[in-house]
Structures are given as C-alpha cells and as structure tokens.
Amino acid sequence: MVKTKITFRANKYKVFVADELGKYKVAASFEDKIDAEHYRKKLVENTEQALKSQSRITVIDAYKQYAIYKFELYNTYDALSEHQARIYTRHYEKWVSKYFPKNIELRKLNAEHLKKFFMMVRFKGLTYKSAVTLIYSFKGMFEWSIDQNYVLQIDYNIKHFEISNYPELKPKDGSDKSRKTKMINRYEARQLYNSIKPTDPDDYYQVVNFVAICIFMYTGARPGEVRGIEWKNVNLKSQKIYITQQMQHQMLVHRVKALGSERIIHIPPHLLKILTRWKDYQEQRIPDVKFVLENVLTKLPIPDKQMRNFLYRHYARIGLAVIKDNGNHVKVLECKFKGEPFKTFRHFAATALLEAQASNPRLTDNFIKTQMGHRDIKTTRMIYGDHNDLDSQSNIEDEISESLNNALNLKLN
C-alpha cells in the first residue's frame, strides 16, 4: 500500500505520497482539509488514477507553488539576500498572475503559450533580457512539477523552447546583445582623482566621498562592501581590509554577495596613506566612530545615492558625463559609465592586476581572484579583466586629436 500524509503549509493542505525510496513528494494541494482527506483516500485506493485526476493543475497555480518552493530553498541553503530569493515571487506577482491565461492546464502548456506570453510582457514594458529570463523560469517550474508528480515527463512540451529560435521576437534596437561594461582608463582615473580631491578640508561631505571613491579605485570592491567596512576590520599595520559584510540600502547584512566574496583585501601604499590620515580626521570629529564611511548625523555609512551624486558630478566636471543637478538630485543625461558608475572601478582593478601579472610573479591567480572577491579566476579573466584599453585616452581626447588633424590638414605621404 502506498504511503501518504497530509500537512498544512503556505495556507494549503498538501497531500504527500512516498516514492520507492521512501521520499515524500507533493501529490496535490487543497484549500479545504476535507478535500485533501478525500483525495488521500483515493490515492490509497488507486494511486495512478488519483495522480492522473490531479494533473489538471493550472500553470498559474503551479508557478505560484514553485515560487514559494524556491524562496524557501534559497532562504534555507543559500546566503542570498531577500531581494534575490524573491525573484520567482516577483515573477509570479508582477507578470505570471496578471498576464498569463488563467485556465491553461500545466500538462497542456506549449511553445505557443510561452511565445504569446513573451509578447504580452514585452508589450507591458518588460525588457527583452528580463522577459527571456522569465520565460526560461517556466522550464525550471515544469521540471519541478514533474518531480512533484503534478505532470508526467511526456507532458514536457516546452523542453526545447527557446526565444532565440523566433527571430520575429528579437528587438530591432540590438538590446538583445550582451553589453560590455565600459572601463575607466588610467588617464581618466587620474583626471577623476584630481577632480575629487577636497578643496575644503573642513567639508566632511567632500572628504568622506573622496575616501569612498579612492577605496573603489584602489580595491575594486563592490559598493555594498565598501559602505559596510568597519574600522575594526581595517588593519593599517598589516595593510589589510577584512570584507565580511555589506550594506543593503541602510541595513548592515553580516554576509557578502556570494561564495568567494568574503576575503582579505591588501591595501596599496597610496590608499594606506589616505586611510591613515582619514582615521585621524574622522576621530577628531565623530566620537566612537564605527564605519569607515560613517555619516556624522546617522552614525550609519553614507548612503549609496550620496556617493553616486558625488561621482556623477565629478564625471561631469572632467567631461565624462552630462547631468542636470538641482543640488539634491543628479539626473544623468549622458555618461560613459551610466547605470554602473562604481562597477567600472572593479573592471579597472581587475584589468590592472591581470596586466601586471606577467611581470610580477607575486600576483598569482589565487591572489588576484581573492583580491577581487571571485571564487574562480575565470570570472576575473573573462568578465572583469577582458579589456585592452587601460592606457588609452578618453573618447574626448581622441576627438580633440582628430579635430586638430583635420584643422591642420597636413597631407603627408
């Protein structure tokens, strides 16, 4: 006789059935306990027929349960933020529950349904890449549903469905292409450094943001990691920073972004001088200072928005951005690094380390991936270090050179 059980979870009565290894899997879910008990009785009497009768679960209901499962799984086993763990829940609430046809049974889901759904969410404003990710999640949902005995393997009609097989679904503006992060080069970095140097040493706002940008430049650390650095994790004598936590919005989270990101960063000599002077400066103005980038008023790190506004203003000053600035908010009209003003420093640091590796045996693969907070050196090489423009002039300098050449009009052989 088949083994079964009923549990109440996520506001539903779930009927479980044991497989041949004794592992319990969800066979069905019900709002009412009587319905669950009735189904369980049918399951014991005729397992095959009961499972077949329950295969009428809709796509929307299956996706909802899958989203709950993924959230519980991430929270239990993975060191992910709540924002990341709720990806499937957001997919369900914002797109699937609103725009997917209500009565499509899971076992009847096919490519045409996904194609129409893709066109709908694109029409409603979802970007091409996000829409592709959403559609791809339906495969994971279906495979999970097979494992839960909601449907059979033979019902897996979308197994080979790919958006890329439908040219008519691709955007005409090229937004389906992977966009490579633009990297700041040494020339631009020197210009930026000279621009952000404080003009008024008594202006705490100027000085704290200068220190923040210098940490980005010299370490390539992530914004949340930089904002989360406490002085207790900075050893100026051994020239090391311990990255063990990060800021998410204005909340300190005692974990890092991913595996391999918890690490010890070596402080370059110039940054060491800046941090040494900064610590003395800060201690004279803030009692019991905790964070390296501490806000005088809130005792928390300065907010991300403040650093972004400061950085975009100086990008604009050196000709790398066009902005509208009302004093409180910076609207970016054009910028070489628009959307990722800090990430460019991460690419800069990775590229510089990899470039110097050939002439410096101390810069091993293990050192570089640890310094950058990557689990695998392949990530550093293929994504962050894939640049060859470290010493190139900015686009503006190229334009000036070309303009001079045209003005002089020297027709040399």
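A crossing of two helices is called left-handed if the near helix is turned anticlockwise from the far one by less than a right angle, and right-handed if it is turned clockwise. This definition will be needed at two stops of the tour through this predicted model.

**The whole chain**

Begin by displaying the entire protein chain, which holds 16 helices and ten strands. The chain has 413 residues, and 45% of them count as buried. Next, show its surface: about 23,600 Å² is exposed, and carbon and sulfur atoms supply 51% of that area. Consider also how the chain meets itself. Among contacts between residues at least 6 apart in sequence, 58% join residues at least 24 apart.

**First pair: H8 and H9**

Select residues 186–196, which form helix H8, together with residues 204–219, which form helix H9. Their axes lie 10 Å apart, and the helices pack at an angle of about 160°. Angles over 145 degrees count as roughly antiparallel, and H8 and H9 are therefore roughly antiparallel to each other. Turn the view so that one helix lies in front of the other; the crossing of H8 and H9 is left-handed.

Now show the side chains where the two helices touch. H8 contributes Ala189, Leu192, Tyr193 and Ile196, while H9 contributes Phe210, Ile213, Cys214 and Met217. What kinds of residue make up the contact of H8 with H9: nonpolar, polar or charged? Eight are nonpolar, and there are no polar and no charged residues in this contact.

**Second pair: H5 and H6**

Move to residues 87–99, helix H5, and residues 111–123, helix H6. The axes of H5 and H6 come within 11 Å and cross at roughly 125°. That angle makes H5 oblique to H6. The crossing of H5 and H6 is right-handed.

Display the side chains here as well. Trp95, Val96 and Tyr99 of H5 meet Phe117, Met120 and Val121 of H6. The contact of H5 with H6 consists of six nonpolar residues, with no polar and no charged ones.

**Last stop: serine 137**

Finally, select serine 137, which is found in helix H7, residues 128–147. Is serine 137 buried or exposed? Its relative accessible area is 6%. Buried means under 20% relative accessible area, so serine 137 is buried. To see some of its surroundings, add Tyr63, Tyr66, Tyr88 and His91 to the selection. Serine 137 touches these four residues, leaving aside residues up to four places away in sequence.

Methods
Residues are numbered from 1 along each chain as its sequence is written. This is a predicted model: local features need pLDDT of at least 70, side-chain atom pairs count only at pLDDT 80 or more; totals for chains, interfaces and linings use all residues. Side-chain values use heavy atoms; hydrogens and water are left out. Axes are lines fitted to C-alpha atoms, for helices over the stretch in contact, and angles run from 0 to 180 degrees between N-to-C directions. Helices (H or I, at least four residues) and strands (E, at least two) are DSSP runs, numbered from the N terminus. Angles under 35 degrees count as roughly parallel, over 145 as roughly antiparallel, 65 to 115 as roughly perpendicular and the rest as oblique. Contact means heavy atoms within 4.5 Å. Ala, Val, Leu, Ile, Met, Phe, Trp, Tyr, Cys and Pro count as nonpolar, Asp, Glu, Lys and Arg as charged, and the others, Gly among them, as polar. Buried means under 20% relative accessible area, exposed over 50%, partly exposed in between (1.4 Å probe, protein chains only). Accessible areas come from the Shrake-Rupley method with a 1.4 Å probe; for residues, only the protein chains shown count as cover.
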